Amino acid sequence: MPKYYCEYCDTYLANDSPTVRDTHRQGRKHKDNVTYYYQKWLEEKTQKMIDEVTAAFKAAKIVSDKNTTSSPLPSLNDARRNHKKRRRGRRGKRRCSSMGPDTGEE
């Protein structure tokens, strides 16, 4: 019978049945290993991004003035503004109930 390998726990389970897999996935050690795996992954991604921004700054790609700052990364305010614009666009036009069904013609 084939064995099941858990990449997070780096271990083989005795058997490949769905019940054994589910029991393993619900265990405390497995959940701790999954949490550790993704925390490590996130730290690596964050460090990579920090290194890229630092390298860009050292290469003078990011200009720092008192008046302006140009960055290769979008600012949080830009993301909020764009999100609000998208939300407004989804609402569409309102129609009056006395005008009947909307046929799409204007």
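**Figure 1. Three helices and two strands make up the secondary structure of the chain in this predicted model.** Read from the N terminus, the elements follow one another in the order β-β-α-α-α. The chain has 106 residues, of which 8% count as buried, and about 10100 Å² of the chain is exposed, with carbon and sulfur atoms supplying 51% of that area. When contacts between residues at least 6 apart in sequence are considered, 14% of them join residues that are at least 24 apart.

**Figure 2. The confidence of the prediction varies between the elements of the chain.** The average pLDDT of the chain is 77, and 56% of the residues score at least 70. Among the elements, α2 has the highest mean pLDDT, 94, whereas helix α3, which covers residues 76-91, has the lowest, 58. Where pLDDT is low, the predicted coordinates should not be read in detail.

**Figure 3. Asp10 sits in the loop that lies between strands β1 and β2.** The two strands on either side of this loop span residues 4-6 for β1 and residues 11-13 for β2. Although Asp10 is not a glycine, the residue has a positive phi of about 55°. With a relative accessible area of 56%, Asp10 is exposed.

**Figure 4. His24, a residue of helix α1, is buried.** The relative accessible area of His24 is 17%, and His24 counts as buried because this value falls under the cut-off of 20%. Leaving aside residues up to four places away in sequence, His24 touches Cys6, Cys9, Thr11, Leu13 and His30. Among these partners, Cys6 belongs to the residue range of β1, while Thr11 and Leu13 belong to that of β2.

**Figure 5. Ser17 is placed in the loop between β2 and α1.** At a relative accessible area of 22%, Ser17 is partly exposed. Although Ser17 and Tyr4 are 13 residues apart along the chain, a distance of 8.5 Å separates their C-alpha atoms.

**Figure 6. Asp16 and Arg21 are joined through their side chains in a salt bridge.** The model has three salt bridges by the rule applied here, and in this one the distance from N to O is 2.5 Å. Side chains of opposite charge can pair when their charged atoms come close. Both partners are partly exposed, since Asp16 has a relative accessible area of 28% and Arg21 one of 26%, and both values lie between the cut-offs of 20% and 50%.

**Figure 7. Within helix α1, Arg25 forms a salt bridge with Asp22.** The closest N and O atoms of this pair are 3.4 Å apart. Helix α1 runs through residues 18-25, and because Arg25 and Asp22 are three residues apart in this helix, about one helical turn separates them. An α-helix has 3.6 residues a turn, so residues three or four places apart point the same way. Arg25 is partly exposed at a relative accessible area of 38%, and Asp22, at 39%, is partly exposed as well.

**Figure 8. A salt bridge links the side chains of Asp32 and Arg28 in helix α2.** The N to O distance of this pair is 3.5 Å, and the two residues are four places apart, which is about one turn of the helix. The partners fall into separate classes of exposure: Asp32, at 42% relative accessibility, is partly exposed, whereas Arg28, at 60%, is exposed.

**Figure 9. Helix α2 reaches 45 Å from its first C-alpha atom to its last.** The helix covers residues 28-58 and has 31 residues, and its span is close to the 45 Å expected at 1.5 Å a residue. Just after the end of α2, Ala60 takes a positive phi of about 65°.

**Figure 10. A nonpolar patch on the surface is formed by Tyr8, Tyr37, Tyr38, Trp41 and Leu42.** Together these residues have about 530 Å² of accessible area. Tyr38, one of the members of the patch, has its place in helix α2 and is partly exposed, with a relative accessibility of 42%.

How values were computed:
Residues are numbered from 1 along each chain as its sequence is written. This is a predicted model: local features need pLDDT of at least 70, side-chain atom pairs count only at pLDDT 80 or more; totals for chains, interfaces and linings use all residues. Side-chain values use heavy atoms; hydrogens and water are left out. Buried means under 20% relative accessible area, exposed over 50%, partly exposed in between (1.4 Å probe, protein chains only). Contact means heavy atoms within 4.5 Å. pLDDT is the predictor's confidence in each residue, from 0 to 100. Accessible areas come from the Shrake-Rupley method with a 1.4 Å probe; for residues, only the protein chains shown count as cover. The expected span of a helix is 1.5 Å times one less than its number of residues. Patches are made of residues with over 30% relative accessible area and no salt bridge: like charges are joined within 9 Å, nonpolar side chains (Val, Leu, Ile, Met, Phe, Trp, Tyr) within 5 Å.
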